[in-house]
Amino acid sequence: MDELDGGIRRITLPLPTRPGHVHAYLLPGEDGWTLVDTGVGLPEAKELWAVELEHAGGRVATIFVTHFHPDHVGAAADLHELTGAPVVQGSLDYAQCELVWGNPAWSERLVDWFELHGAPDDVTAELVGQSSVYRPFIRYQRDPLLVEAGEHVDGWELVAAPGHADGQLCLLKDGVLVAADHLLGRITPTVGLWPASRPDPLGDYLAALDRTIELAPRIALPGHGDPVADPVARAHELKEHHRARLAEATSSLGSEPKSGYELSFALFGSELPPPGRRFACAETLSHLELRVHEGAAQRDGADGAVTYTAA
Ligand SMILES: [Zn+2]
């Protein structure tokens, strides 16, 4: 556990896949800690948390989940059992959490979706693999307290940060942004198009970065990696990164229809292992869809296969 400015504590939890760790934060409040994010619900999660919380001292007043990805929501039910504190989660995010983790048929839906976007039959299972790996280790809390952006949790304003996850919420107080996976220091947060996600996640993300620039937090505390010392500069960098990739997306299009899967090789190279390809494919699609929204690309959905051409 690390002590940060303002009495905030950071707890770093193991993550079996890259980047190998995830941070949770304890935010001090009058009634106790607001605990932000929970790590994956690995078999030893509860014991690990018991030790960390003993170490921190005091009581946990609220468990806040920023978004429904396994490394953030996974041990929410464990923590609720351990502390008795209510779990608080954004309403859109909880709806997607139920849709994905409460639905045993989700993996099949993902297989269909990759097929729709041009992945060959023999690779779809591999592409879906990673999400099924985590499934047994996701113990989200059913019927949490639902909140919306703009509301407050123990004096922290909830800021909508869609893109990496549609319903992701950050927390902001006194220039400190608890950023979850909206803003990471060295890693570029993945922004992908997934089944049942909002239609233009990259457009949402770029707008959320503009909002970050407007809010101009002094420091951002991310879900992975070191604190971001200049969040505004980092938001500009991430915008640049996506603008460059959007330009590549446009130049990879021509008059011949190509699938998102096919185009992911042009944008992300051919050397990726299946989990990498899975995200490359979703990211390629988010870039293509923004281009479609801007009128620079065209989507064609005939014959149960989605393809893109230059507009
Ligand atoms: Zn994460």
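Here are four short exercises on this predicted model, each with a worked solution.

Residues are numbered from 1 along each chain as its sequence is written. In this predicted model, local features need pLDDT of at least 70, side-chain atom pairs count only at pLDDT 80 or more, and totals for chains, interfaces and linings use all residues, while side-chain values use heavy atoms and leave out hydrogens and water.

**Exercise 1. Strand S3 and its neighbours**

Task: Find out how many residues of S3 are buried, and which strands pair with S3.

Solution:
- Start with the terms. Helices (H or I, at least four residues) and strands (E, at least two) are DSSP runs, numbered from the N terminus. Buried means under 20% relative accessible area, exposed over 50%, and partly exposed in between (1.4 Å probe, protein chains only).
- Now look at S3, residues 21–27: 7 of its 7 residues are buried. His21, His23, Tyr25 and Leu27 point one way, while Val22, Ala24 and Leu26 point the other way.
- Next come the partners; two strands pair if DSSP finds at least two bridges between them. S2 (residues 9–14) pairs with S3 in the antiparallel sense over 6 bridges, and Ile11 stands opposite Ala24.
- S4 (residues 33–36) also pairs with S3 in the antiparallel sense, over 3 bridges. Here Thr34 in S4 is the bridge partner of Leu27.
- Finish with the turns. The hairpin of S2 and S3 has 6 residues between the strands, and Gly20 takes a positive phi near 85°. The hairpin of S3 and S4 has 5 residues between the strands, with Gly32 at a positive phi near 135°.

**Exercise 2. The two sides of helix H8**

Task: Work out where the buried residues of H8 sit around its axis.

Solution:
- Helix H8 spans residues 231–251. The distance from its first C-alpha to its last is 30 Å, close to the 30 Å expected (1.5 Å times one less than its number of residues).
- Its buried residues are Pro231, Arg234, Ala235, Leu238, Lys239, His242, Arg245, Leu246 and Ala249.
- These residues lie on the same side of H8 because they cover an arc of only 140° around the axis, taken from the directions from the helix axis to the C-beta atoms.
- Turn to the face away from the buried side, and you meet the exposed residues Glu240 and Ser251.

**Exercise 3. The largest cavity**

Task: Describe the lining of the largest cavity.

Solution:
- A cavity is a set of points on a 1 Å grid over the protein atoms alone where a 1.4 Å probe fits but cannot get out; lining residues have an atom within 4 Å of a point. A volume is the space filled by probe spheres set on the points, which are joined across faces, edges and corners.
- The count comes to 3 cavities of 30 Å³ or more, and the largest holds about 80 Å³ of space.
- Its lining includes Leu13, Pro14, Leu48 and Trp49. Helix H1 (45–56) gives the largest share, 3 residues.
- By type, the lining has 7 nonpolar residues (Ala, Val, Leu, Ile, Met, Phe, Trp, Tyr, Cys and Pro), 1 charged (Asp, Glu, Lys and Arg) and 2 polar (the others, Gly among them).

**Exercise 4. The second largest pocket**

Task: Find which residues lie nearest the centre of the second largest pocket.

Solution:
- A pocket is an open set with protein on both sides within 12 Å along at least five of seven lines. This one has a volume of about 220 Å³.
- Of its 13 lining residues, Asp5, Gly6, Ile8, Val176 and Arg218 lie nearest its centre.
- The lining divides into 8 nonpolar, 1 polar and 4 charged residues.
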